[in-house]
Amino acid sequence: MKLKTKVLVICSLLALTMLLVACPKNKHKPDNSAIPPPQTFVGYGIVNKWHTIDPEKLANELAARGLNITHIEYAAMNDGPINASFDFHHDAYKKFITAMRAKGIWTFVNVINWNRVDMCSEALNDAWYMNELNFIKSMGTSRIILQPVSEWVGGRNHACWPKAKRWHDLTKANWAGLTSWNRTSRPKSPEGWGHYFEYHPCNINDLGPKFAIMTTDCGGPIDYYQGGNDEGMVVRKAELERYVRNVLRSGHHFIYYGFRQRTIDTGAMDAIARGKQ
């Protein structure tokens, strides 16, 4: 090979190397596999501190008990104020979704809790929402139920309700996967919008409307089942088991909302698993 040709080959290889370094291969290609959802969802989630736990351990514990869904608040009510330095736990989300899919577990992703104190701030604008929606999309739609906002239209942050409506419109236009609806926190149906609707019962005898995803995201059930436990762990396991059984017999789905929990509550999962038998 002539010297001039060798130089050209070396330069080409160097240029290709620089290009690959500048444009690294995406290690997380979107998984948009159209997996049929189960007839009934039954599960448990550490909704606020999901990004601090071992997702593989959670996925294994859920699968071992025959539970098929978990729940996270992507931007939780008790996260810090959203600003330029806010950490949206992108790396944790990638690991979490990957771990759940590996065990066949679905994830209910509530993008943001409307009860945040900064919900009406200028930082939480349409551009912010689309940026985070696009990130969530980058991991794909497979085994995800996406809910743009929880508990909107009610007493809190009423001045910016139109923003929640816009975010639902943006989701419908940009998300091809399954969706859920939670206007007022206790809707009676998807109201023509989502594939599912989430209902937050505020007492332990409320079985909600048929076909709802019954999620125990309200002070009454949370305080009752946790029984004052400082770590938010379920104390009244037999009562939780009974409630799960009644919910499922009524034709609903069920997810336990692990508010205040920082560690995986296997006792709560055991009670849920017994309730679905």
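**Helix packing and nonpolar cores in a predicted model**

Student: How are helix 7 and helix 8 oriented to each other?
Tutor: In this predicted model, helix 7 (residues 237–249) and helix 8 (residues 266–275) pack with their axes 7 Å apart, at an angle of about 40°. Angles under 35 degrees count as roughly parallel, and 65 to 115 as roughly perpendicular. The two helices, helix 7 and helix 8, are therefore oblique.

Student: What is the handedness of the crossing of helix 7 and helix 8, left-handed or right-handed?
Tutor: The pair in question packs at about 40°. The crossing of helix 7 and helix 8 is right-handed.

Student: How many residues of the contact of helix 7 with helix 8 are charged?
Tutor: From helix 7, the residues include Lys 237, Glu 241 and Arg 245, and from helix 8 they include Arg 274. The residues of this contact divide into six nonpolar and two polar, with the charged ones numbering four.

Student: Which helix gives the most to the largest nonpolar core?
Tutor: This core has 61 residues, and those touching the most other members include Ile 112, Leu 240 and Ile 272. Leu 240 in helix 7 and Ile 272 in helix 8 also belong to the contact of those helices. With six residues, the element giving the most to the core is helix 4 (residues 126–138).

Student: How many residues are in the other core?
Tutor: Another core lies apart from the largest one. Among its members are Phe 108, Ile 145, Ile 213 and Ile 255, and its residues number nine.

Student: What percentage of the residues in the protein is buried?
Tutor: Buried here means under 20% relative accessible area. Of the 277 residues in the protein, the buried ones make up 49%.

Notes: Residues numbered from 1 in each chain as written. Predicted model: local features only at pLDDT ≥ 70, side-chain atom pairs only at ≥ 80, totals over all residues. Heavy atoms only, no water. Axes fitted to C-alpha atoms, helices over the stretch in contact; angles between N-to-C directions. Helix = DSSP H or I, 4+ residues; strand = E, 2+ residues; numbered from the N terminus. Parallel < 35°, antiparallel > 145°, perpendicular 65-115°, else oblique. Left-handed = near helix turned anticlockwise from the far one by under 90°. Contact = heavy atoms within 4.5 Å. Nonpolar A, V, L, I, M, F, W, Y, C, P; charged D, E, K, R; others polar. Core = buried A, V, L, I, M, F, W, Y, C linked by side-chain atoms within 4.5 Å. Buried < 20%, exposed > 50% of the residue type's maximum accessible area, 1.4 Å probe, protein only.
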